[in-house]
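Biologist: Could you take me on a close look at the charged side chains in this one, and then at what sits around them? I'd like one connected account rather than a list.

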Amino acid sequence: SIVSEMTSAASAENAVSSFNPYVAVKGGYSILTKKDSIKYKNGFNGAVEFGVSYDAWRLGLEVSYRQNKIKHSDNAAIDVANTNKVNALAGMINVYYDYALTEECSLYVGAGLGMAKFNFVAVDSKVETGKCVFAWQVLAGVAYDINENWTVEAGYRLFGTSKVKVSNTAKIKTPLQNSLELGLRYNF
């Protein structure tokens, strides 16, 4: 009886200790696809993520920001003379799977769902026209453990949202964002 209590207490302790919290920061170079007759310049993105890992799985809550300038528009709803950039602030829930190649190096794939405030920003007034919309993303990359606490990552992210209403009559198909990223993760 005492042995079984000690065994179950040890099992509970191992189960609790195998959930490892982490915090990560990422930044990257973003390329937006042409959508709804609007061409975009390349821009940047950044993210902070808080999460927990369990064996090969990770679950994270992420806040990210991305910004690109508008290069050219043939869309009547977006006049480049008055609107010169787009940005999006997103809150996402991400799930990852890490596949170990060696003890220090692994590949990861992930997917996320959430909400984003996608904005078209006016040139002079800095007025933002946009709404909160559904957002999704797919992530993949390679991670390298520097030591037991620090991990560096290099990856790819595909980010998209649903259509954004820019006026009472116009909805814009938002562009897909392709980005190459570098990140640093601290594992507690």
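Modeller: Sure, here's the salt-bridge part, with its surroundings added as we go.

A caveat before we start: this is a predicted model, so local features need pLDDT of at least 70 and side-chain atom pairs count only at pLDDT 80 or more, while totals for chains, interfaces and linings use all residues. Numbering starts from 1 along each chain as its sequence is written, and side-chain values use heavy atoms, with hydrogens and water left out.

First, the frame. The chain has one helix and 11 strands (DSSP runs, H or I of at least four residues for helices and E of at least two for strands, numbered from the N terminus). The helix comes at the N-terminal end of the order, and the strands follow. Of the 188 residues, 40% are buried, where buried means under 20% relative accessible area, exposed over 50%, and partly exposed in between (1.4 Å probe, protein chains only). Take contacts (heavy atoms within 4.5 Å) between residues at least 6 apart in sequence: 62% of them join residues at least 24 apart.

Now the charges. The whole structure holds six salt bridges, each being a side-chain nitrogen of Lys or Arg within 4 Å of a carboxyl oxygen of Asp or Glu. Start at arginine 157, in strand β8, which is buried at 0% relative accessibility. Its side chain meets that of glutamate 62 at 3.0 Å, N to O. Glutamate 62 sits in strand β4, 95 residues away in sequence, and is buried too, at 2%. Arginine 157 also bridges to glutamate 181, at 2.7 Å. That partner is in strand β11 (residues 177-187), 24 residues along, and glutamate 181 is likewise buried.

Strand β8 (residues 150-161) has another charge to look at, glutamate 153. Glutamate 153 pairs with lysine 26 at 3.8 Å, N to O. Since lysine 26 lies in strand β1 (residues 19-32), this bridge ties together parts that are 127 residues apart in sequence. Both ends are inside: lysine 26 has 9% relative accessibility and counts as buried, and glutamate 153 is buried at 5%. Step back, and Lys26 and Glu153 turn out to belong to a salt-bridge network with Arg58, Asp98 and Arg185.

Two of those network arginines also lie over rings. Arginine 58 is over the face of tyrosine 96, 4.2 Å from the ring centre, and arginine 185 is over the face of tyrosine 22, at 5.8 Å. The rule there is NZ of Lys or CZ of Arg within 6 Å of the ring centre and within 35 degrees of the ring normal. Both tyrosines, Tyr22 and Tyr96, turn up in a separate second core of six residues that also includes Ala24 and Ala143. A core here is a set of buried Ala, Val, Leu, Ile, Met, Phe, Trp, Tyr and Cys residues joined through side-chain atoms within 4.5 Å.

Tyr96 leads on to glycine 110, whose contacts beyond four places in sequence are Val95, Tyr96, Gln137, Val138 and Leu139. Glycine 110 is in strand β6 and is buried, at 10% relative accessible area. Its C-alpha atom is 5.8 Å from that of valine 138, which is 28 residues along the chain.

The largest nonpolar core has 14 residues, and Tyr40, Ile70, Val86 and Phe120 touch the most other members. Strands β2 (38-40), β5 (83-100) and β6 (105-122) each supply at least two of its residues. Tyrosine 40 touches Ile70, Val86 and Phe120, and its contacts also include the charged Lys69 and Lys71.

Last, ring against ring. The count is seven aromatic pairs, using Phe, Tyr and Trp rings (the six-membered one for Trp) with centres within 6.5 Å, called stacked with planes under 30 degrees apart, edge-to-face over 60 and tilted for the rest. Phenylalanine 44 and tyrosine 65 have their centres 6.2 Å apart and planes at 45 degrees, so that pair is tilted. It joins strand β3 (residues 43-54) to strand β4 (residues 57-73) across 21 residues of sequence. Here the setting is partly exposed, with phenylalanine 44 at 43% and tyrosine 65 at 30%. Elsewhere, ring pairs link Trp150, Tyr186 and Phe188 into a cluster.
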